[in-house]
Structure formats: C-alpha cells, structure tokens
Amino acid sequence: MSSPTGPESGLPVRMPRPRQPGRHRRPEPLVAPEDAPAFVLAVPGAPSAATRGLAEEVVSIARSELPGLDARIGYLDGDDDEFPTLSAVLARAAEERTARHEQAVAAGSDAKAPDGPVAVVVPLLAGPDNALLRQTRQAVMDSRVAAELTDVLGPHPLLAEGLHVRLSEAGLARADRARLFTVATAADGIILASVGGEEAVQAAGITGMLLAARLAVPVMAAALDQEGSIASIAEQLRASGSQQLALAPYLIGPEIDTALLTAAAAEVDCATSEALGAYPAIGKLALAKYTASLGLAQQPQSAPAF
C-alpha cells in the first residue's frame with residue numbers, strides 16, 4: 001500500500017527531475033515536424049547488395065538522429081524492382097502525401113491541402129561530381145515532383161575525421177597522437193583521391209587541410225578520373241620528402257569502381273585505406289543537409305582533432 005505522499009515503507013519516491021532553468025538547460029530533442037517532406041537519399045553507381053546495405057545504414061543513422069523522419073532511398077541507376085529509381089521513389093512519396101490528405105478530408109478533418117516540397121533529395125556524395133549531380137537533377141525532373149536537391153556532403157571536418165579513422169584502421173595513421181606509441185606502417189604523405197574533375201579536387205583539398213592538421217603530415221588531393229593526376233601528386237609528395245605514401249579515398253563508395261582505386265594505388269606503389277562507407281558522420285551530414293533545407297536547427301558536431 002502507498003499513500004499520496006509515498007509508499008508506506010518510507011522509501012523515497014523517485015520524482016521527475018525538474019527542468020533546469022537558464023542558459024545551461026538541455027535543448028529539447030528535435031523531432032521531425034508533422035507532414036515534413038520526405039528525406040530521400042540519392043545513391044549513385046551500380047546498385048548491389050553492398051550498396052543497399054550502406055545506404056540503409058546511412059538512413060538508419062539519420063532516423064536515429066531525427067525521430068519521425070520519413071527516410072527513403074532512391075538509386076540513380078536503379079531498376080524499379082529490387083532497387084527503386086530516384087524518380088519512382090519521389091513519385092511514390094507524392095502519391096502517399098496526396099492520399100493522406102484525401103483520407104483526412106474524408107474523415108471530416110479541415111486539413112489544408114499540402115504545399116511545399118514533397119521531398120528533400122540528398123546526394124550520397126562526399127564531393128561535387130557534375131556528371132552525377134546532373135543525373136540526379138534529371139531524375140528529380142523526370143519524377144515531376146516538387147523536390148529540393150541539396151548540396152553534396154563535403155567539405156566538412158567530420159569527413160576529415162572519417163578519413164583519419166579509415167587510415168588508422170588500415171594501419172596507415174596513428175589513431176591518437178596523444179598515445180605514446182608509433183605505427184610502423186604510418187604514412188608520411190597522403191594522397192586524397194576524389195572523382196569529379198578539378199572542382200572535386202579543390203573541394204577535397206579543403207578537407208585535406210583539415211586531415212593534415214589531424215595527422216601532422218602533408219595531404220594533397222588528386223583526381224582518380226583524370227589520367228596522370230594521382231601519379232603527379234605522388235611525385236610532388238616524394239619530391240618534398242615523403243617516402244611512405246598512402247591513398248585515402250575521398251569517396252563514400254558507390255560512386256566509384258573499386259578497381260580504379262586498386263589500379264591507382266598500384267601505379268604509385270602505395271597502400272590504400274577503405275572508402276568512407278557508412279561511417280556514422282555520413283548519416284549525420286546527410287541529415288544536416290535535410291534539416292538545413294527546412295530551416296531546422298540540426299548541426300552535426302565534429303570531434304576535436306587528435
């Protein structure tokens with residue numbers, strides 16, 4: 001038995017913690033607004049089971065960061081069967097939004113007709129690639145759906161963090177500069193490999209400067225899709241004193257044939273780390289593009305440099 005003031009045993013009652021006043025008050029967790037546009041991840045490259053797994057993990061991270069998020073995946077080279085195309089995903093989102101409104105009206109609600117974009121499309125790209133972005137825009141146009149297309153994910157400090165982690169996983173960089181041990185295979189020069197031509201190289205170079213600050217070794221960007229670019233940068237690094245080079249893909253994965261990475265690493269005789277893949281920051285950055293498009297306060301936090 002218990003009384004209104006507590007249990008008869010005299011044990012203390014756990015009461016809700018009072019809301020902390022003032023500027024140090026914890027912010028309320030952000031939740032997706034009702035009837036918010038769908039978050040659609042536009043996945044480039046040839047669809048595969050591995051690509052789908054990566055995309056689903058990125059979307060899962062985004063959902064965990066923003067409860068209630070209507071998150072979907074559309075493939076630029078999909079087949080509308082196992083891998084739905086971006087156009088089909090957008091068209092389905094529009095149909096479902098219209099159906100929800102019609103059901104609400106039929107139920108006697110005075111709900112207003114939906115307006116604004118049906119979806120916000122986020123390209124799964126670390127850096128600019130004009131060919132893939134044109135393909136994405138065309139898919140949006142083909143859907144005949146009002147959708148907003150965000151910018152690519154980088155450059156961003158979180159991508160430098162992800163590159164650092166991938167290099168350390170491959171034994172090519174120290175995981176933490178503060179630790180008193182060395183990595184025998186640590187690279188003393190990093191080639192940041194991008195795709196998308198000169199614009200992509202310039203964007204990768206910004207993230208490269210952040211990575212160089214973390215590793216305290218020179219980092220230079222080069223284009224995988226420009227003949228001789230990787231070799232030229234390798235020559236520059238070696239001429240400046242770097243002898244043990246590493247190739248770090250400034251890529252998420254689906255946008256490039258892995259054979260190109262293998263061939264580039266062999267050409268300049270250096271080891272390579274894995275692409276960024278489903279590193280947690282990718283999902284956070286993709287969500288940040290979505291929330292910024294809607295004017296919501298959601299910014300991913302970067303870990304401090306090691």
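Entry 1, helix contact. I looked up where helix 1 touches helix 8 and found that V58, I61, A62 and E65 of helix 1 meet P280, I282, G283, K284 and L287 of helix 8. I sorted the residues of this contact by class and recorded six nonpolar, one polar and two charged. I note here that the model is a predicted one.

Entry 2, helix geometry. I took the spans as residues 49-65 for helix 1 and residues 280-294 for helix 8; the two pack at an angle of about 60°, and their axes lie 8 Å apart. I therefore entered helix 1 as oblique to helix 8. For the handedness, I recorded that helix 1 passes helix 8 in a right-handed crossing.

Entry 3, cavity search. I searched the whole structure for cavities of 30 Å³ or more and obtained two.

Entry 4, largest cavity. I noted a volume of about 60 Å³ for the largest cavity. I listed its lining as L125, A126, G127, P128, D129, S194, V195, A200, Y250, L251 and E255. By class, I counted seven nonpolar, two polar and two charged residues in the lining of the largest cavity.

Entry 5, second largest cavity. I noted a volume of about 40 Å³ for the second largest cavity. Its lining, as I recorded it, consists of A36, P37, A38, D70, R72, A93, R97, R100 and V118. I then asked which helix gives the most to this lining. The answer is helix 2 (residues 86-106), with three residues. I divided the lining of the second largest cavity into five nonpolar and four charged residues, with no polar ones.

Technical notes. Residues numbered from 1 in each chain as written. Predicted model: local features only at pLDDT ≥ 70, side-chain atom pairs only at ≥ 80, totals over all residues. Heavy atoms only, no water. 1 Å grid on protein atoms, 1.4 Å probe; cavity = no way out; pocket = protein on both sides within 12 Å on 5 of 7 lines; lining within 4 Å. Points joined across faces, edges and corners; volume = space filled by probe spheres on them. Nonpolar A, V, L, I, M, F, W, Y, C, P; charged D, E, K, R; others polar. Helix = DSSP H or I, 4+ residues; strand = E, 2+ residues; numbered from the N terminus. Axes fitted to C-alpha atoms, helices over the stretch in contact; angles between N-to-C directions. Parallel < 35°, antiparallel > 145°, perpendicular 65-115°, else oblique. Left-handed = near helix turned anticlockwise from the far one by under 90°. Contact = heavy atoms within 4.5 Å.
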